[in-house]
Structures are given as C-alpha cells and as structure tokens.
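Visitor: I would like to learn how to read a model like this one, feature by feature. Please show me the structure before we begin.

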Amino acid sequence: MALDATILDLNLYDTKVDLKQTGSFAKQIFKDNPLVPALIIYDQDQYVGMISRRRFLECLSRPYALELFTKRPIAVMYEQVQVSILELQGSTPIVTAAQMALGRNDDNIYEPVIVRTVDNGHAVLDVHDLLQAQSYIHELATKLLREQTQTTMFQTEKMASLGQVVAEVSHDIRNPVSSIYGNTECLLTYIEGVMKILRAYEKEYGTTSPVISETLEEIDWDFVRSDLPQVVRSIQSGSRYLRRLVDTLQSLSHMEDKGETEMINLHDCVESSLTILSGRVRNVQIVKNFTDLPKVSGYTDRLIQVFMNLISNSLDALMEVQASPDLIRQRDQMIIKEGEPEQSSNVLTEINWQPNLMISSGLAEIDNRNWVSIKIADNGLGIPKEIQNRIFDNFFTTKGQGKGTGLGLAICHQIITQQHGGKIVLRSPYLNANGDVTIGTEFEVLMPVK
Ligand SMILES: Nc1ncnc2c1ncn2[C@@H]1O[C@H](COP(=O)(O)OP(=O)(O)O)[C@@H](O)[C@H]1O
Ligand SMILES: [Mg+2]
C-alpha cells in the first residue's frame, strides 16, 4: 500500500437488502457472510442507507425483539436504529478518512463508513480495516522519514569528516607551498645576479677559450639563459595558485565558526570559487564581464560557497548536455514547435553548441536601494517551469542517487537571504548581455550596499 492510497484501495463490501425484506432474511445474510460489517439498504433500486451488524444484533437482543423484527420488513428496524452515516468519496485518502471516522461521536465511532464508488454506487468500509490501513501508512511514513534522515545524517557526517581532512591537509600543505612561492622570488633575484656576473666575465675575458666555448655548446647555453627565468616564473605562478587554493580550502573548512563580517569584493569570492572548481571548468568557456563594484559586508567563506554551488550546478548542467548532445537537438525541436516557423533556421544550434559559463557583475537599484549584482549563467538545458518553485527546497534534486544532495540551492538561499539580507533570483530562460532570450539558466545574487 502506498502513502497516498485512497479508501477505494481497501477491502469494501456491497451486500444489499431491500427495505421490504424481512429481518430474518437479513439475519441469515449476516450469518452467511461473517465478515460483512453492514448491509446496504435499498428501496427498490434506490439507495437508502445501511444497517451495521452491531446495531442489528443490538436490536435483536432487546426484549421481544425477535417477534417484533424477524418476521417484519427490515424497514421497521431501520426506522428505529437510524443513525447519521458517514459517507465519503472513494477518492478520499486513507489518512483523511480515518481522521473523519474517528471524529464522530462516541456512539457512532465504530460504525462502518459508506464509500461512494467511481460509478456512483455504494459500498461499506469496516472501520477496523480503515484504522489498520491508517496505522500501516503511519508506519510507512515514519520509516521513510527515518531512512531519509539517516541518509542525510551519513552524508552530513561524511562531509564533516571530509571537512576535517581538508582543513588538516591544507594546513600541512600551506607552509611548504608558501616556502616554495617565497623562495622563487629570491631565486629570480639570484639568477639575475648570476647572469650579471656571467655577462661581466664574458665582457672581460670573452668566450674564445676552447674549454669554455665547448662547455657553452654542451649545455646549450643560449637556450638555458633565456629559458631559466621562465622556468622559475612558471614555478612561481603554479605555487601562487596552490597557495590561493589552500587558503580558500582552509577558510571553507572552517565554516562552522561564524567569525566576523568583513568588507568584501565579490569578484574575489567568484575568483576563489573558480579556483577551487578549476579542475571541472577546463572544457568550459568562461566569459567574465566584470565592472567596478563597491565592497559589501559579509562572510567570505560562505559567499565563496554560494558561488561554488551555483557554478557547480551550471557545470553539471553543461556536462549533462556534453554527455548526450542529442538533448540539445530535442530542446531545439521543442523551440521550433513553439516558435515562429521562419525563425527555425536560426535555432538549429546543436552543431555549434559550446558549453558556456557567463559571469557578470553590476549595480542595480531595487526598492530605492543599491545592490551589487552577480549573475551566473549557463547555456545548458535550463530548468523546466514546473519545478522552478521547488529548486530552493531542501533535498529537491533531479540528479541521480549519489549525485545530487538537493541541498546546494537551499544553502545558497539561506546564506544570501538570511545571513546577508540579499536576494537570489532564478531566470530560465534568461536574457543574455545582448538582450536575446537564451535557453539555459541564470542565477542572480543581489547583495545590499551599505
Ligand atoms: N544551472 C542549472 N541548470 C539546470 N538545472 C539546475 C541548475 N541549477 C540547479 N538546477 C536544478 O535544481 C536542482 C537543485 O539544485 P541543488 O539544490 O544545487 O541540488 P543538486 O545540485 O544536489 O541537485 C538540481 O537538481 C537541478 O534540477
Ligand atoms: Mg547543486
């Protein structure tokens, strides 16, 4: 039985009697069908009501009842036992039905329920069956909830210990990386000095000595001389990158302690997020369109996390298309169907589709206030209108098991709106920088300027 089962899914009885039939006839039916909780009463073909087994037996146990009722039409008894009957549509969910059944007064609480079937007929539902089903559903719901909580707990625990590892490892790497970076600076200065000395020697003594010229040739001195500083410079830029990565990882893994707000340039947060995700953005063309921004007040690590979540969702969307380019063709065909036929020639873009990530910044004025705006947009498949109002919900994901947690956007929303007084807006499709309607997804983060 499913969580959303209705009373039509339960065991129903449709044993009927006519008002004109005798009490002993009804008694015989109850005797022959020991499970039937009530008889549905008809007048000719017209539904009248029901009489439950309990009421029937109660009636018969009264003094003189046997003589009174058994030989007479059931109508006589029905007249005396008439109670209000709970009648429900078959489409009523079991949980609702149980609530209504239990909401009756004490006298009626165990009376069967009349169910309206699809073809407007009537059937009888035993309250005992109803309550049993309700308790089963309750158990099912609790179990599902427990499973969900447990999965989330495992996930959270995993993330927490992962965070610990990241914090430790980045701490350990930080010193050697800083030392490599710092030393390259010295190395470059030293190399310059050595070169100066060599030039001075060259000038004083020339390179005419055969031993010297042979050695110069042997080590390909002309090449080494020009390449050496470049080698060191590339070590320097590599270690600068590593240092920045380590810094960001460290500040991210210390998320729990709230810390102080700082005045932040949001571009730096975006850059840090891109650094962390650099392994994943390799095949994607990133277009940045930054304008000068005032600083905003906030928590650096959390804002980095917001941009990481947004960019990472965009990358997922772009990878989805890359993995099956057919999706683009289907999407374009849908647009052709919806749009004007003469435009269709411009729409067939699947041949030159390239994964794009557009990040732009700017200032906005909303509600007489100034805001800094960062837009993150991709040309993936976009988000269907039907689910757009659910994507910020906890645990809402369209990604397969083990892939999505459904927490990314919920966290973004929480961080931006509650911790920073900002806004986060989804547009899909959206207008690109040229004002063209673009298929894909855009998230705009708006942060208040003090
Ligand atoms: N850039 C995007 N393109 C397409 N769909 C998106 C994009 N960003 C978010 N979504 C949709 O929103 C859902 C929720 O996102 P999120 O909260 O980050 O959870 P998760 O990424 O774990 O699924 C995703 O499963 C996806 O369906
Ligand atoms: Mg996500």
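Guide: We will take the cores, the ligand, a few buried residues and some backbone features in turn.

Guide: This is a predicted model: local features need pLDDT of at least 70, side-chain atom pairs count only at pLDDT 80 or more, and totals for chains, interfaces and linings use all residues. Residues are numbered from 1 along each chain as its sequence is written, chains are lettered from A and ligands numbered from 1 in the order in which they are written, and side-chain values use heavy atoms, with hydrogens and water left out.

Visitor: Which residues touch the most other members of the largest nonpolar core?

Guide: First the idea. A nonpolar core is a set of buried Ala, Val, Leu, Ile, Met, Phe, Trp, Tyr and Cys residues joined through side-chain atoms within 4.5 Å. Buried means under 20% relative accessible area, exposed over 50%, and partly exposed in between (1.4 Å probe, protein chains only). Here the largest core has 40 residues, and Leu266, Phe307 and Leu310 touch the most other members. Seven elements each supply at least two of its residues: α9 (266-276), α10 (300-323), β11 (356-366), β12 (369-378), α13 (408-420), β13 (423-427) and β16 (441-448). Helix α10 gives the most, ten residues. Helices (H or I, at least four residues) and strands (E, at least two) are DSSP runs, numbered from the N terminus.

Visitor: What is Leu310 in contact with, beyond four places in sequence?

Guide: Contact means heavy atoms within 4.5 Å. Leu310 contacts Ile376, Leu409, Cys412, Ile424, Phe443 and Val445. Apart from this core lies another, of 25 residues, including Phe30, Val36, Tyr42 and Ile51.

Visitor: Which residues come nearest to ligand 1?

Guide: A residue is near a molecule if one of its heavy atoms lies within 4 Å of it. Of the 19 residues around ligand 1, Thr397, Thr398, Lys399, Thr405 and Gly406 come nearest. The largest share of the shell, three residues, comes from α10.

Visitor: How do I read its polar contacts?

Guide: A polar contact is a pair of N or O atoms within 3.5 Å; within protein, one must be able to donate a hydrogen and the other to accept it, and residues adjacent in sequence count only if both atoms are side-chain atoms. An oxygen of ligand 1 lies 2.7 Å from a side-chain N or O atom of Lys399. An oxygen of the ligand is 2.8 Å from a polar backbone atom of Leu409. A nitrogen of the ligand is 3.2 Å from a polar side-chain atom of Thr441. Taken alone, ligand 1 exposes 530 Å², and the protein buries 93% of that (Shrake-Rupley method, 1.4 Å probe).

Visitor: Is Ser52 buried or exposed?

Guide: Ser52 counts as buried because its relative accessible area is 1%. It sits in strand β4 (residues 46-52). Its side chain makes a polar contact with that of Glu111, at 2.8 Å. Ser52 also touches Pro112. Pro112 lies in the loop between α5 (94-102) and β6 (113-116) and is buried too, at 5%.

Visitor: Where does the backbone depart from the usual?

Guide: Most residues other than glycine have a negative phi, and most peptide bonds are trans. Gln44 has a positive phi of about 55°. It is in the loop between β3 (38-43) and β4, and is exposed at 56%. Asn368 has a positive phi of about 60°. Its place is the loop between β11 and β12, and it is exposed at 73%. A cis peptide bond joins Ser428 and Pro429, with omega about -5°.
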